[in-house]
Amino acid sequence: MADTRSPIEQRRILNTAIPGPRSLALNARRTAAVSAGVSAQLPAFIERAQGSVLLDADGNQLIDLGSGIAVTGVGHSHPKVSAAIAAQAYDFVHTCVMVTPYEEYLAVCEELNHLTPGSFEKRSMLVNSGAEAVENAVKIARLATGRQAIIVFENAYHGRTNLTMALTAKNNPYKDHFGPFAPEIYRVPMSYPYRDGLSGAEAAARAISQIEILVGASNVAAVLIEPIQGEGGFIVPAEGFLTAMTTWCSDHGALFIADEVQSGFCRTGQWFASEHEEIAPDIITTAKGIAAGMPIAGVTGRAEIMNAVHPGGVGGTYGGNPVACAAALATINVMRDENLNAKALVIEEVLTTRLAKLGIDLECVGDVRGRGAMVAVELVKPGDSKEPDAALAKAIVASCAEQGVVVLSTGTFGNVLRFLPALTIEENLLSEGLDVVEEAVRTLGA
Ligand SMILES: *Cc1c(COP(=O)(O)O)cnc(C)c1O
């Protein structure tokens, strides 16, 4: 079941304008068939993808610095992952694990229990998406503690279902006119070193004081946080912030839930971003990077918490689908075999060095931050105001797209360029992609 076609060369090729004529024709069909609510940042239609290169319908080869939002960490169509998917598809595709189980599901749970931080006994369950993982984490935390309040943070992103919309901070586009929202969710300030200038301890004290005054410690089922905020702008909390929050949780009988949907699976140079602060969350949610693009997500937590749920209390028709599980197992093995945590750190060095240099030359580069292959530049207007410059981020993304480089923007203010290359990206391809980005930032941000 190996792919006998010639591999896609890991280089950029501009064959037509991007998007080219075939993509434009497909885009017209898209407009006529697909809900306008489903947007496309760059309507170049992809026909094949390998490694860090996307081949579009017009024969253009794009350098992918976004990995489908931190999903294809092992690169597109990694041969070992594709082979595992194909083999499982021939064995069987579905039984529903709640009807008749299969080994692949428990093997993924074993990997999650083993790889996530915390030396205590754990249990896992599998679902289909990051939002579904977060929903289940909240359900389980409420049931296990007998409490209702969930604490979330400014700039948080946890998904687009009804419950996770309520957990997510930003109104437009995620929440606008989609309410009413789920109750018993309370938002407190996040540690955002570039904008608040607080130490981790100070930022934690600020958040904790609000929790205690506005919610009451004994009502809190869980504090839910992304150890590095993703859609919020790759915000890395000041050192000590996460530790202080975990300590507060354990002192007050609340659970600490780390949403590692974006930051997990070698993305930050550790299996999980929580490890940088040596915290062991009570529950961890995972998705994006886990299976190189197959839809699967996990909830992993302390055994006594995960086992508090009555049989049948959680689950779903497709959760932990065998093909997705086979992809996850193959992906995790690639991460181990190719030592992708070490590769993420090499990428961090390349990205931060280049972007920091850009920051010295240009006033629009307000902040360069992140860990591993999860690095961002926050763009601001000239002067000391730190006023976000979303228009500049948008223009840079568009200019890179025209040049065949896919780079994503993000952030509460829409003013952050984020880099999420595959951990397997070849260094010369990364450099070429960054040349294009750098040129765009220098031209548009001068
Ligand atoms: C993407 C994301 C989600 C939602 O995942 P979906 O698979 O899109 O539902 C939740 N939390 C975080 C931190 C994310 O980055």
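**A pocket, a ligand site and some backbone oddities**

The second largest pocket has a volume of about 510 Å³. A word on terms: on a 1 Å grid over the protein atoms alone, a pocket is an open set of points where a 1.4 Å probe fits, with protein on both sides within 12 Å along at least five of seven lines, and its lining residues have an atom within 4 Å of a point. Grid points are joined across faces, edges and corners, and the volume is the space filled by probe spheres set on them. Lining this pocket are 25 residues, and those closest to its centre are Gln50, His76, Ser77, His78 and Pro79. Two elements, β1 (46-50) and α3 (79-91), give two or more residues each to the lining. Helices (H or I, at least four residues) and strands (E, at least two) are DSSP runs, numbered from the N terminus. By type, the lining splits into nine nonpolar, ten polar and six charged residues; here Ala, Val, Leu, Ile, Met, Phe, Trp, Tyr, Cys and Pro count as nonpolar, Asp, Glu, Lys and Arg as charged, and the others, Gly among them, as polar.

All of this comes from a predicted model, in which local features need pLDDT of at least 70 and side-chain atom pairs count only at pLDDT 80 or more, while totals for chains, interfaces and linings use all residues. Residues are numbered from 1 along each chain as its sequence is written, and side-chain values use heavy atoms, with hydrogens and water left out.

Next comes the ligand. Around it sit Ser129, Gly130, Ala131, Tyr157, His158, Gly159, Glu226, Asp259, Val261, Gln262 and Lys288, each with a heavy atom within 4 Å of it. Some of these residues also make polar contacts, that is, pairs of N or O atoms within 3.5 Å. Gly130 uses its backbone, with an N or O atom 2.7 Å from a ligand oxygen. Asp259 brings a side-chain N or O atom to 2.7 Å from a nitrogen of the ligand, and a polar side-chain atom of Gln262 lies 2.8 Å from a ligand oxygen.

Away from the ligand, Ala328 is part of helix α11 (residues 322-337). Its relative accessible area is 0%, so Ala328 is buried; the cut-offs are under 20% for buried and over 50% for exposed, with partly exposed in between (1.4 Å probe, protein chains only). Beyond residues up to four places away in sequence, Ala328 touches Val108, Ile290 and Ala291, where contact means heavy atoms within 4.5 Å. Val108 is 220 residues from Ala328 along the chain, yet their C-alpha atoms are 7.0 Å apart.

Ser52, in the loop between β1 and β2 (53-56), counts as buried because its relative accessibility is 2%. Setting aside neighbours within four places in sequence, Ser52 is in contact with Gln10, Leu62, Ile63, Asp64, Ala422, Ile425 and Leu429.

The backbone has a few quirks too. Asn172 and Pro173 are joined by a cis peptide bond, with omega about 10°, and Pro173 sits in the loop between α6 (162-167) and β6 (185-188). The bond from Gly179 to Pro180 is also cis, with omega near 10°, and Pro180 is likewise found between α6 and β6. The loop between α6 and β6 holds His177 as well, a non-glycine residue with a positive phi near 65°. His177 is exposed, at 77% relative accessible area. Cys96, in the loop between α3 and α4 (103-115), has a positive phi near 75° without being a glycine. Cys96 is buried, with a relative accessible area of 8%.

Methods. Polar contact = N/O pair within 3.5 Å; in protein donor to acceptor, adjacent residues only side chain to side chain.
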